[in-house]
Amino acid sequence: MRVYKFGGSSIGSAAKIRNVAGIIRDGLSHTPLVVVVSAVWKVTDMLSEAAALAAKGDIAYLEKLGEIFSLHDSIVRDLFHDDTSEADAWLEGLMMELHDVVHGVYMLKELSDRNLALILSFGERLSSWIVSRHLQHSGTASVCVDARELIVTDDNYCYAKVDTQATGKSIRERLRSFDAVPVVTGFIASAADGAVTNLGRGGSDYTATILGAVLHASEVWIWTDVDGFYSADPKRVRDARVIPYISYAEAKELSHAGAKVLHPLAVQPAMKAGIPVLIRNSFNPEAPGTRIEHEPAVRTALPRPVTGLTSINHVVLLNLSGSGMAGVPGTASRLFSCLATHNINVIFISQASSEQSISLAIAPGQASMAKKVLEEEYAPEIDARRIDPVHVRRNLAMVAVVGNKMSGHPGVSAQLFETLGKNGINVIAVAQGANEMNISLVIDSSDEDKALNCIHESFFLSMRKVHVFITGTGTIAKSLISQIRAHRLTLQQEKDLDIVVCGLANTRSVALDTNGLDLGHWHEAMKPREGYDGIGEYVRMIRELNLHNTIVVDCTASTRVAEAYPGLLQSNISVATANKLGMAGPWELYRSIMDAQRSSNARFLYETNVGAGLPIINTLNDLKNSGDKIICIEGVLSGTLSFIFNELRKGGRFSEVVRKAKEAGYTEPDPRDDLSGADFARKLLILGRELGYHLEYDDVECESLVPESCRGEMTPAEFLDRLADVDDWYAQEIENAGAEGMTIAFTGELKDGKAKVGLKRVPLQSPVAGLNGTENLVVFTTDRYLKTPLVVKGPGAGGEVTAGGVFADILRIAGYLI
């Protein structure tokens with residue numbers, strides 16, 4: 001014999017009840033059944049709302065009762081069609097009884113727990129009769145059984161404690177044998193005096209396992225609207241998967257810590273009787289579901305240390321502390337006795353080893369009462385200042401990490417806290433039992449989803465995700481998107497890494513999708529948003545999403561975006577940037593970025609700020625961090641200017657070469673931005689700051705290549721025309737330098753804390769004279785590389801090269817985060 005229990009979502013409409021009837025008929029072909037049903041979906045909430053309205057003297061309770069009647073009436077008419085006379089009479093009679101009870105509450109404006117338990121019982125009384133009557137109507141013999149005749153409890157009306165002995169006797173007498181399928185009301189019970197009680201919200205599961213244990217059922221099947229126990233709540237963690245097997249102990253821990261699949265007390269009767277409990281989906285009956293039993297002898301895969309995660313998303317933390325608690329016997333006993341006396345349920349307990357503080361989590365609705373009664377209990381100690389007033393902290397969540405195999409498995413806690421730390425999630429309180437099966441954490445409720453996702457990914461998934469948000473949609477961004485799209489599958493297959501681009505934005509439009517944008521059609525997703533305030537609004541959206549493993553990628557040249565770096569880093573959002581205006585901006589901005597990085601667990605990488613795809617900053621930091629002393633840094637750090645002077649050495653005319661560079665896309669729209677040397681100066685400024693020099697942009701000695709006659713207001717075309725005036729000078733300068741075995745180049749030098757950028761003669765044998773195209777070159781002269789300086793050389797301009805460098809930074813950050 002089996003016990004089948006159907007939740008409210010499984011019987012929420014006539015069609016769903018027909019589906020349930022089919023499941024019952026199929027089950028009867030294998031074994032006799034006892035069926036337990038909850039109230040129709042949302043009806044218990046509606047009954048509770050009606051009672052609350054009546055207690056406040058609000059006549060709107062009648063509307064709520066009308067909704068309850070209409071819902072059940074529509075189900076009855078759909079199920080029984082023209083043969084509704086019996087059902088109509090029954091429904092009207094039961095609803096009249098319900099109305100009389102609620103009207104009494106309305107008249108008295110008082111709602112006792114006893115009356116509330118009676119009102120809530122109508123949900124199951126309605127649903128059980130309808131399900132039983134439909135079975136009978138469709139050819140399956142059935143009888144409706146009121147659990148008030150079966151389950152005996154104490155008089156704690158709304159969360160009653162079961163009298164196991166009396167209940168067992170009642171069940172055996174009433175259900176000793178049966179020819180028709182009993183359809184039993186879940187959730188409700190009765191006290192010794194006959195008053196209606198209930199087993200707490202979700203108590204129908206408990207009803208089912210109590211019946212299963214007393215009747216020696218072979219199994220108890222809990223039919224719900226999900227495929228089983230999940231490794232995490234699938235509504236909050238998209239990658240959650242069904243757990244095929246779980247032990248009684250693990251199921252108890254997960255249920256007590258917030259998993260809504262099973263009532264917290266439902267496991268105990270089944271575990272004591274050794275009856276397996278199966279969680280099945282009434283909408284997907286072919287799915288195998290989850291089997292709960294003693295530790296199975298065989299598992300289908302290697303066991304993981306963590307079985308599942310769950311959370312309670314609204315808790316309040318109370319903290320009782322003071323030096324007068326240490327070494328005083330009975331302090332904790334008084335605390336818990338006081339709370340128990342006032343029926344305040346404690347969800348979480350953590351005590352410092354010094355015995356000077358105890359933290360406990362409770363439901364928000366009980367917080368004020370708990371603070372009041374505890375301060376009354378400890379009033380003498382508080383008055384004597386041996387104990388502080390109770391501190392209340394709200395807007396918190398509790399996350400529980402559960403698994404039988406955590407015991408004796410080194411590194412679980414380290415992995416857990418490292419994962420949370422890298423994502424900037426602060427753990428406010430922690431508790432772990434001696435059996436090492438459950439690690440419970442209290443965190444800010446705003447971090448709950450982020451914590452669940454990053455913990456789940458760390459313990460359950462071989463494939464790790466990083467969520468990338470790109471600012472800017474220009475050349476570098478487009479190249480980066482193409483590179484990510486082309487390489488994403490390879491990273492998934494070879495590195496178990498998934499780069500998910502969740503956002504793109506420019507000053508006018510934004511595209512957001514936490515599941516990942518279609519990188520083949522991202523242009524179509526870019527749409528103007530009402531009230532969109534540009535990049536600043538986009539950054540705010542990213543911070544509000546609060547996804548785990550988030551990386552913001554800056555492909556702009558925007559000061560406004562650069563100014564957002566400190567806030568992003570303080571929110572533990574990593575940044576990879578090709579934008580130099582942060583690291584080469586005002587000293588105050590630079591310091592705030594560096595300070596924010598040091599104070600957070602986020603990463604900030606900006607390799608492409610200096611040499612596009614060349615490893616210049618990484619090389620410099622490796623030298624510095626390994627103890628080498630940097631004597632001098634010099635070279636060519638502008639791909640545009642490198643191209644111009646390389647072409648001049650081949651005999652090109654200066655104005656023609658600049659025009660050629662512009663047409664090739666090497667210059668800014670106005671070539672004067674490149675010829676001013678400002679971009680080169682910013683790069684040298686960044687390197688100087690990397691060496692610890694307190695430099696501002698104005699401290700860099702910078703020679704501009706823009707002739708005096710070409711400055712001022714003019715179009716780029718006019719500028720290029722006027723630039724021909726200096727062609728002869730450059731040609732003569734190249735010739736004069738050549739006569740001395742030299743050539744000219746636009747180079748930079750950083751030495752003794754001073755930086756300068758400008759035109760310089762260099763030997764024809766110099767590495768600078770051997771550059772081609774847009775190549776950059778940096779020469780590091782150090783104590784270790786004194787006689788033969790270290791040279792880094794390669795392409796220093798172009799969207800593809802720079803995007804490749806940004807992509808590399810993304811992968812470095814991803815390697816740190818996961």
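**Notes on the helix packing and the two open sheets**

1. Let me start with the contact between α4 and α5. On the α4 side, Glu-86, Ala-87, Trp-90, Leu-91, Leu-94, Met-95, Glu-97, Leu-98, Val-101, Val-102 and Val-105 take part, and they meet Asn-115, Leu-118, Ile-119, Phe-122, Arg-125, Leu-126, Trp-129, Ile-130 and Arg-133 of α5. By type, the residues of this contact split into 15 nonpolar, 1 polar and 4 charged. Keep in mind that we are looking at a predicted model.

2. Now the geometry of that pair. Helix α4 covers residues 85–108, and its axis lies 10 Å from that of α5, at an angle of about 175°. Anything over 145 degrees counts as roughly antiparallel, so α4 and α5 get that label.

3. Helix α5 (residues 113–137) also packs against helix α1 (residues 14–28), here at about 60° and with the axes 10 Å apart. How are α1 and α5 oriented to each other? They are oblique, because the angle falls in none of the parallel, antiparallel or perpendicular classes. The crossing of α1 past α5 is right-handed.

4. Which residues make the α1 contact with α5? From α1 come Ile-17, Arg-18, Ala-21 and Ile-24, and from α5 come Ile-130, Val-131, His-134 and Leu-135. That gives 6 nonpolar residues, 1 polar and 1 charged. Note that Ile-130 is listed in the contact with α1 and is also listed in the contact with α4.

5. On to the sheets. One is an open sheet of 6 strands with mixed pairing, and its order reads β20-β19-β18-β21-β22-β23. Its edges are β20 (510–512) and β23 (604–605), each paired on one side only. At the β23 edge, the neighbour is β22 (residues 574–577): the two strands run parallel and are joined by 2 bridges. For a landmark, look at Ala-576, whose bridge partner in β23 is Leu-605.

6. A helix sits on this sheet too. Helix α15 (residues 475–495) lies across β18 (464–471), β19 (497–505) and β21 (550–554), and makes about 155° with β19. Asp-496 is in the loop between α15 and β19. What is unusual about the backbone of Asp-496? Its phi is positive, about 55°, although the residue is not a glycine. With a relative accessible area of 35%, Asp-496 is partly exposed.

7. The other open sheet also has 6 strands and mixed pairing, in the order β25-β27-β26-β24-β28-β29. Here the edge strands are β25 (701–702) and β29 (790–795), and each of them pairs on one side only. Helix α26 (residues 678–690) packs on the sheet and touches β24 (630–636), β25, β26 (742–751), β27 and β28 (775–782), with its direction about 40° from that of β26.

8. Take the β25 edge of this sheet. β25 pairs with strand β27 (residues 754–763) in the parallel sense, over 2 bridges. Cys-702 has Val-757 in β27 as its bridge partner.

9. Then there is β28, which I'd look at with the surface switched on. Is β28 largely enclosed or largely open? It is largely enclosed by the rest of the structure, because 7 of its 8 residues are buried. β28 pairs with β24 in the antiparallel sense over 6 bridges, and Ile-630 stands opposite Thr-782 of β28. Toward β29, β28 is joined by 6 bridges, again antiparallel. One bridge pair to find there is Phe-780 with Leu-790 in β29.

10. Another residue with an odd backbone is Phe-187. Its phi is positive at about 75°, and it is not a glycine either. Where does Phe-187 sit? It is in the loop between β5 (181–185) and β6 (188–191). Buried or exposed? Phe-187 counts as buried, because its relative accessibility is 4%.

11. Last, a residue on the outside. Ser-368 belongs to helix α11 (residues 367–377). At 51% relative accessibility it counts as exposed, since the cut-off is over 50%. Its C-alpha atom is 9.9 Å from that of Val-316, a residue 52 positions away along the chain.

Notes. Residues are numbered from 1 along each chain as its sequence is written. This is a predicted model: local features need pLDDT of at least 70, side-chain atom pairs count only at pLDDT 80 or more; totals for chains, interfaces and linings use all residues. Side-chain values use heavy atoms; hydrogens and water are left out. Axes are lines fitted to C-alpha atoms, for helices over the stretch in contact, and angles run from 0 to 180 degrees between N-to-C directions. Helices (H or I, at least four residues) and strands (E, at least two) are DSSP runs, numbered from the N terminus. Angles under 35 degrees count as roughly parallel, over 145 as roughly antiparallel, 65 to 115 as roughly perpendicular and the rest as oblique. A crossing is left-handed if the near helix is turned anticlockwise from the far one by less than a right angle, and right-handed if clockwise. Contact means heavy atoms within 4.5 Å. Ala, Val, Leu, Ile, Met, Phe, Trp, Tyr, Cys and Pro count as nonpolar, Asp, Glu, Lys and Arg as charged, and the others, Gly among them, as polar. Two strands pair if DSSP finds at least two bridges between them. Buried means under 20% relative accessible area, exposed over 50%, partly exposed in between (1.4 Å probe, protein chains only).
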